[in-house]
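Welcome! Below are a few short exercises, each followed by a worked solution. Take a look at the molecule before you start.

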Amino acid sequence: MVAALELYLDTVATRRIRVLWDALEAEGVQSMRSLLEQRHRPHVSLAVAPRFDPEQVTAALAGTTVAAPLRLSFQHAGQFVGRVLWLGPVPTSELLAHHRRVHDLLVAGGVTLVEHYRPGRWVPHCTLSMRVPNALMATAVRRCLEMLPLEATVVAAALTDHARNISHPLP
């Protein structure tokens, strides 16, 4: 399991993604709703690591508003290798700059991050499913496209490590 620095979305966007999770489940696709005893919350991860030390991360990000009130416009659905389905926000200059700022502060603070989340490699996304059966991928993508576009505002952030039951709110 990995740890993540997660950006959470406003109530309306969160509700719409949860409705999409339900629609995927009705099609036979296990959504993120089914994981972690239904404690999973729709989000965009800014950083991922094998483990995080909450005190080290808090110190590295001191004085930074991680939950900047960014506007996100989810305009597309995507797929990562391994049958992972996600919604993608438009990678605006504001979003990418915020990601770089947070990443640089974490690295300067000695935090080791997963390579795929480094600036220039990061694909901003909100994961919907990690186990889409190949035969259902087209149906799952169609369900996603039916609910786009989705406008959202970042309203909160947290450092999470579900394997260690950590959810540490960040400013």
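The protein has four helices and seven strands; helices (H or I, at least four residues) and strands (E, at least two) are DSSP runs, numbered from the N terminus. This is a predicted model, in which local features need pLDDT of at least 70 and side-chain atom pairs count only at pLDDT 80 or more, while totals for chains, interfaces and linings use all residues. Residues are numbered from 1 along each chain as its sequence is written, and side-chain values use heavy atoms, leaving out hydrogens and water.

**Exercise 1. Describe the order of the elements and the overall shape.**

Step 1: Starting at the N terminus, read off the elements as β-α-β-α-β-β-α-β-α-β-β.
Step 2: The radius of gyration is 16 Å, close to the 16 Å that the globule rule gives for 171 residues, so the protein is as compact as a globular protein of that length. The radius is taken over C-alpha atoms, and the rule is 2.2 Å times the number of residues to the power 0.38.
Step 3: The C-alpha trace spans about 45 × 30 × 30 Å along its principal axes.

**Exercise 2. Find out what fills the inside of the protein.**

Step 1: Of the 171 residues, 48% are buried. Buried means under 20% relative accessible area, exposed over 50%, and partly exposed in between (1.4 Å probe, protein chains only).
Step 2: The largest nonpolar core has 51 residues, and L5, F52, L72, F74, L87, L106 and L128 have the most contacts inside it. Such a core is a set of buried Ala, Val, Leu, Ile, Met, Phe, Trp, Tyr and Cys residues joined through side-chain atoms within 4.5 Å.
Step 3: Now zoom in on L87. Leaving aside residues up to four places away in sequence, L87 touches several residues, among them I17, F74, L128, C144 and M147. A contact means heavy atoms within 4.5 Å.

**Exercise 3. Work out how helix α4 is packed.**

Step 1: Helix α4 covers residues 137-147, and its buried residues are M137, T139, A140, C144 and M147.
Step 2: These buried residues pack against α1 (11-26), β3 (71-80), β4 (84-89), β5 (126-129) and β6 (150-161).

**Exercise 4. Look for unusual backbone geometry.**

Step 1: Begin with the background: most residues other than glycine have a negative phi, and most peptide bonds are trans.
Step 2: L148 and P149 are joined by a cis peptide bond, with omega about 0°. P149 sits in the loop between α4 and β6.
Step 3: R83 is not a glycine, yet its phi is positive, about 70°. This residue belongs to the loop between β3 and β4, and R83 is partly exposed at 34% relative accessible area.
Step 4: N165, also a residue other than glycine, has a positive phi near 55°. N165 lies in the loop between β6 and β7 (166-170), where its relative accessible area of 61% makes it exposed.

**Exercise 5. Which residues does R164 touch, not counting those up to four places away in sequence?**

Step 1: Locate R164 in the loop between β6 and β7.
Step 2: With a relative accessible area of 32%, R164 is partly exposed.
Step 3: The residues that R164 touches are R51, F52 and P54.
Step 4: Finally, compare chain and space: R164 and A3 are 161 residues apart along the chain, while their C-alpha atoms are separated by 9.0 Å.
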